[in-house]
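Please look through the sequence and the model below before reading on. The paragraphs that follow begin at the start of the chain and then turn to the core, to a pair of packed helices and to a loop.

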Amino acid sequence: MEITKATTMGEMLEFDPGIAYILMQCGMHCVGCPSSIGESLEEACMVHGLDADQVMGYIHEYLNQRKAEEQA
């Protein structure tokens with residue numbers, strides 16, 4: 001799955017629940033909130049005053065690290 005700014009929070013968390021930790025580290029403490037599940041990453045970042053590109057970068061960094069660990 002490719003994570004983009006249009007990917008919903010629900011889609012990301014279903015793909016990899018570990019993304020929740022990354023989001024919380026960025027300041028999104030409402031990851032489990034039912035209303036956040038339908039928001040895109042970009043919308044959620046806007047609500048929290050975060051840079052969507054930066055948060056997306058952290059998510060990709062996490063996913064790339066996880067992938068490398070699985071291949072090792």
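Two residues are said to be in contact when heavy atoms of theirs lie within 4.5 Å. The model is a predicted one, and the contacts named below are to be read with that in mind. In that sense methionine 1 touches Thr7, Glu11 and Phe15, once residues up to four places away in sequence are not counted. Methionine 1 belongs to the segment before α1, and its relative accessibility of 51% places it among exposed residues, because the class begins over 50%. Between its C-alpha atom and that of glutamine 54, 53 residues away along the chain, the separation is 19 Å.

Glutamate 2 is likewise placed in the segment before α1, and with a relative accessible area of 63% this glutamate is exposed. Its C-alpha atom is separated by 9.9 Å from that of phenylalanine 15, although the two residues are 13 positions apart along the chain.

From this segment we can turn to the interior. Which residues have the most contacts inside the largest nonpolar core? That core has 19 residues, and those with the most contacts inside it are Ile19, Leu23, Met28, Leu41 and Ile59. Two or more of the core residues are given by each of the helices α1 (9-15), α2 (19-25), α3 (41-48) and α4 (52-71), and the largest share, 5 residues, comes from α4. Isoleucine 19 can serve as an example of how parts of the chain meet: leaving aside neighbours within four places in sequence, isoleucine 19 is in contact with Ile3, Met12 and Leu13, and also with Ile59, Tyr62 and Leu63.

Two of these helices can be examined as a pair. Two packed helices are described by the angle between their axes and by the distance between those axes. For α3 and α4 the angle is about 120°, and the axes are 9 Å apart, which means that α3 is oblique to α4. The crossing of α3 and α4 is right-handed. On the α3 side the residues that meet the partner helix are Leu41, Glu42 and Cys45, and on the α4 side they are Ala52, Val55, Met56 and Ile59. Sorted by class, this contact has 6 nonpolar residues, no polar residues and 1 charged residue. Leu41 and Ile59, which take part in this contact, are also among the residues with the most contacts inside the core.

The loop between α2 and α3 remains to be considered, and two serines can guide the reader through it. Is serine 36 buried or exposed? Serine 36, found in the loop between α2 and α3, has a relative accessibility of 4% and therefore counts as buried, the limit being under 20%. Apart from neighbours within four places in sequence, serine 36 is in contact with Met9, Cys30 and Val31. Serine 36 and threonine 8 are 28 residues apart in sequence, and their C-alpha atoms are 8.4 Å apart in space.

Serine 40 also lies in the loop between α2 and α3, and serine 40 is buried, with a relative accessible area of 10%. Not counting residues up to four places away in sequence, serine 40 touches Lys5, Ala6, Thr7, Thr8 and Met9. Met9 is thus listed among the contacts of serine 40 and among those of serine 36, while Thr7 is touched by serine 40 and by methionine 1.

Note on methods. Residues numbered from 1 in each chain as written. Predicted model: local features only at pLDDT ≥ 70, side-chain atom pairs only at ≥ 80, totals over all residues. Heavy atoms only, no water. Core = buried A, V, L, I, M, F, W, Y, C linked by side-chain atoms within 4.5 Å. Buried < 20%, exposed > 50% of the residue type's maximum accessible area, 1.4 Å probe, protein only. Helix = DSSP H or I, 4+ residues; strand = E, 2+ residues; numbered from the N terminus. Axes fitted to C-alpha atoms, helices over the stretch in contact; angles between N-to-C directions. Parallel < 35°, antiparallel > 145°, perpendicular 65-115°, else oblique. Left-handed = near helix turned anticlockwise from the far one by under 90°. Nonpolar A, V, L, I, M, F, W, Y, C, P; charged D, E, K, R; others polar.
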